[in-house]
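Visitor: Please pick one small part of this model and look at it closely. Then show me what lies around it and elsewhere.

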Amino acid sequence: LQLEAIRTYADRQGFVLEPEVTYADEGRSAFTNRIDKRPAFQRLLRDAKAAGRRWSVVLVYKTDRFARDALLQLQCRRDLRQLGVETASATQFNPDDSALGKFSQVLDAGLNEYYSALLSERMRDVRRYEASQQGRHVGPIPIGYDRVLGKLIPNERAAAVLRAGQLYATSQESPARIAEALNAEGYTNAEGEPFKIYAVEEMLKNPVYAGFCVVCRALAALR
């Protein structure tokens with residue numbers, strides 16, 4: 001849907017799309033402020049700085065695809081502009097570089113963050129209710145589990161979690177060393193890809209593996 005909207009907009013505006021230049025972080029949310037967890041977005045920023053770049057405009061489905069945090073979104077767009085790269089939305093009004101246009105960009109970024117925060121608040125209410133019902137698990141499914149009827153069921157990748165715990169328990173291995181060891185031993189993450197350092201860090205801190213789920217910063221026991 002998003003790529004189709006971008007192609008339609010490009011045709012209407014007379015843009016020529018580079019056929020092999022698409023940056024899509026499949027399965028990753030722009031909600032996170034950790035852009036290091038978005039490899040395609042990092043690649044876009046690197047390519048924007050590269051000599052011989054063949055494109056001058058970045059088309060997005062909506063401006064919140066950069067980030068839902070207002071300051072981060074504006075920073076990303078400003079960094080690209082300073083590199084000579086313009087940005088445009090395929091589904092929203094694209095203001096010019098006038099004073100009013102800059103104000104519109106700031107307002108748009110603020111609204112993106114507002115709607116994101118509002119959605120998060122509503123989802124927290126839902127998760128609080130679900131977690132209170134028989135200790136059902138809500139939220140992202142941790143590595144090594146499948147979720148069936150609200151219950152976490154170990155799957156074939158649970159061995160990677162156990163191995164990471166064993167290495168961490170020695171107090172001699174850092175998350176970086178643990179990621180290297182897991183990859184060397186053939187373990188993969190939920191997407192079947194090698195482990196990254198940040199993924200190991202989050203896995204080791206996840207209270208789910210101790211039998212708890214976090215709901216609005218409160219711990220609820222999983223049954």
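Guide: The answer starts with one loop residue and then moves out to the rest of the chain.

The model is predicted, so local features need pLDDT of at least 70 and side-chain atom pairs pLDDT 80 or more, while totals for chains, interfaces and linings use all residues. Numbering starts from 1 along each chain as its sequence is written, and side-chain values use heavy atoms, without hydrogens or water.

Start at Asn189. It sits in the loop between helix 6 (175-184) and helix 7 (197-205). Helices (H or I, at least four residues) and strands (E, at least two) are DSSP runs, numbered from the N terminus. Asn189 counts as buried because its relative accessibility is 8%. The classes are buried under 20%, exposed over 50%, and partly exposed in between (1.4 Å probe, protein chains only). The side chain of Asn189 reaches the backbone nitrogen of Glu191 at 2.9 Å. Asn189 also has contacts beyond its neighbours within four places in sequence: Ile143, Arg157, Pro194 and Phe195. Contact means heavy atoms within 4.5 Å.

Follow the chain into helix 7. Its buried residues are Tyr198, Ala199, Val200 and Met203. They pack against helix 5 (158-169) and helix 6.

Next, a hairpin. Strand 3 (residues 145-148) and strand 4 (residues 151-154) run antiparallel, joined by 4 bridges. Strands pair if DSSP finds at least two bridges between them. Tyr145 has Pro154 of strand 4 as its bridge partner. The hairpin leaves 2 residues between the strands, and Leu149 in the turn has a positive phi of about 55 degrees.

Now compare a second buried site. Ser89 lies in strand 2 (residues 86-89). Its relative accessible area is 0%, which means it is buried. The Ser89 side chain makes a polar contact with the side chain of Gln92, at 3.1 Å. Such a contact is a pair of N or O atoms within 3.5 Å; within protein, one must be able to donate a hydrogen and the other to accept it, and residues adjacent in sequence count only if both atoms are side-chain atoms. Leaving out residues up to four places away in sequence, Ser89 touches Tyr9, Val60, Tyr61, Lys62, Thr63 and Asn94.

Now the surface. Leu100, Phe103, Leu107, Leu111, Tyr114 and Tyr115 form a nonpolar patch there, with about 670 Å² of accessible area together. Tyr115 belongs to helix 4 (residues 99-132). At 52% relative accessibility, Tyr115 counts as exposed. Arg68 lies in the loop between strand 1 (57-60) and helix 3 (70-82). Arg68 counts as partly exposed because its relative accessibility is 22%. Arg68 and Tyr114 stand 46 residues apart in sequence, but 8.7 Å apart in space, C-alpha to C-alpha.

Patch residues have over 30% relative accessible area and no salt bridge; like charges are joined within 9 Å, nonpolar side chains (Val, Leu, Ile, Met, Phe, Trp, Tyr) within 5 Å. A salt bridge puts a side-chain nitrogen of Lys or Arg within 4 Å of a carboxyl oxygen of Asp or Glu. Areas come from the Shrake-Rupley method with a 1.4 Å probe; for residues, only the protein chains shown count as cover.

Last, the whole chain. It has 7 helices and 6 strands. From the N terminus on, the order is α-α-β-α-β-α-β-β-α-α-α-β-β. Of its 223 residues, 30% are buried. Among contacts with a separation of 6 or more, 54% join residues 24 or more positions apart. The chain exposes about 14,300 Å², and carbon and sulfur atoms supply 53% of it.
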